[in-house]
Amino acid sequence: MTDGAVTEAARVLVAADKFKGSLTAVQVAERVTAGLRRVVPELEVETLPVADGGDGTVAAAVAAGFERREVTVTGPVGEPVTAAFALRGTTAVVEMAEASGLQLLPEGVFAPLTATTYGSGEVLRAALDAGATTMVFGVGGSATTDGGAGMLTALGAVFLDADGKPVGPGGGALADLASADLSGVDPRFADVDFVLASDVDNPLTGPKGCAAVYGPQKGATPEDVATLDAALAHYAQVLEKAIGPRAAELAASPGAGGAGGIGYGALLLGASFRPGIELMLEVLGFAPALERATLVITGEGSLDEQTLHGKAPAGVAAAARAAGKEVVAVCGRLALPPEALGTAGIRRAYPLTDLEPDPAKSIPNAGPLLEQVSANIARDFLL
């Protein structure tokens, strides 16, 4: 096939997630496009940065045409932070990491027992104030393990200790919880189509619960994990007294353990649970873009076992395969064998480590390296 024929016939869709720590999803799309056009200058490229509900979800929505709105809210350790949400018409995309994410903690400082989701509740309230009647709530990348108690408090719930005083911030303080009252929660939620978008299906507590599985990533010691898991179990028991058996049922539901249990808080608000990437592809308008494409390029920083469990590249590849479109992937590092890639619907992966094996060099040079591997994709698939 000649370059001219390719230029007329081929249309590439770049639908990749961020390379965490080096490139945003928008930057990934820009670099891939530049690399492809080095080889095929007139190539038609459509970019649709994607996210699976974790950090980067609002940015992906804004890149797809949503309006960025900013609000000052309470950060995970109580300091004010600027958080963004995305709005298009009456649909809002809210990302809990914007208000309660690990990236908002001071460098090297963790607060596993005291970090709060209060600011996430403030962002949800701001989206309601902006007129949202459909809300996509992306959860992931949290600094918190408070079961969404902070978020619910910001929305009008009351959690008191035995002395009738509000319990402190964070999951650790839930051990002191004596009573819960959700009757004051913002009544507008009754009329909102509220969807919890998460790439994890963990329950709230237990060996697969949010404290046990994700607490260590947030600085929790084994003792902290035990404290948090017991406190969250107690929290669910107190809520059961307040609202009945639904509280226990929701605690055991898939997604309740998302982002330190904020998934549980969202389910208590009436949210329905959807796999994050599946939902985000709908919101971002992936299907029509896919229809226009002849080749799809997806990817993320690390293609590994986690990728296969609901991460963005797996969702993109599954949808593309169902539509009969060929998919290749770019990544910083590749930790999947070819057969696992094939099962996921990815024809071939192009890791930056093929060009620069040393992560200390490849991470800061991810942009130029990504352009080089993208030029290789063009040579392999478009010429």
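**Exercise 1. Is strand S5 (residues 91-95) largely enclosed or not, and why?**

*Solution.* The model is predicted: local features require pLDDT of at least 70, side-chain atom pairs count only at pLDDT 80 or more, and totals for chains, interfaces and linings use all residues. Residues are numbered from 1 along each chain as its sequence is written, and side-chain values use heavy atoms, with hydrogens and water left out.

Step 1. Strands are DSSP runs of E with at least two residues, helices are runs of H or I with at least four, and both are numbered from the N terminus. Buried means under 20% relative accessible area, exposed over 50%, and partly exposed in between (1.4 Å probe, protein chains only).

Step 2. Four of the five residues of S5 are buried, so the strand is largely enclosed by the rest of the structure.

**Exercise 2. Identify the strands joined to S5 and the direction in which they run**.

*Solution.* Step 1. Two strands pair if DSSP finds at least two bridges between them.

Step 2. Strand S4 (residues 80-88) and S5 run antiparallel and are joined by four bridges. Within this pairing, Phe 85 has Val 94 of S5 as its bridge partner. Two residues separate the strands of this hairpin, where Gly 89 adopts a positive phi near 65 degrees.

Step 3. Strand S6 (residues 134-138) runs parallel to S5, with five bridges between them. Here Ala 92 has Met 135 of S6 as its bridge partner.

**Exercise 3. Describe the surroundings of Phe 137**.

*Solution.* Step 1. A nonpolar core is a set of buried Ala, Val, Leu, Ile, Met, Phe, Trp, Tyr and Cys residues joined through side-chain atoms within 4.5 Å. The largest such core has 54 residues, and Phe 137 is among those with the most contacts inside it, together with Phe 159, Phe 194, Tyr 235 and Tyr 264. A second, separate core of 39 residues includes Val 58 and Leu 279.

Step 2. Contact means heavy atoms within 4.5 Å. Leaving aside neighbours within four places in sequence, the contacts of Phe 137 include Val 94, Leu 124, Phe 194 and Ile 262.

Step 3. Rings of Phe, Tyr and Trp (its six-membered ring) pair if their centres lie within 6.5 Å; planes under 30 degrees apart count as stacked, over 60 as edge-to-face and the rest as tilted. The structure holds four aromatic pairs. One of them joins Phe 137 and Phe 194, which are stacked at 5.8 Å centre to centre with 25 degrees between the planes. Phe 137 lies in S6 and Phe 194 in strand S9 (residues 193-198), so this pair ties together parts that are 57 residues apart in sequence. Both Phe 137 and Phe 194 are buried. Ring pairs also link Phe 189 with these two residues into a cluster.

**Exercise 4. Lay out the sheet that contains S1**.

*Solution.* Step 1. The sheet is open, has five strands in the order S2-S1-S11-S12-S13, and shows parallel pairing. Its edge strands, S2 (44-47) and S13, each pair on one side only.

Step 2. Three bridges connect S1 (residues 11-14) with S11 (residues 295-303), and Leu 13 stands opposite Val 296 in S11.

Step 3. Axes are lines fitted to C-alpha atoms, for helices over the stretch in contact, and angles run from 0 to 180 degrees between N-to-C directions. Helix H13 (residues 312-322) lies across S11 and S12, at about 160 degrees to S11.
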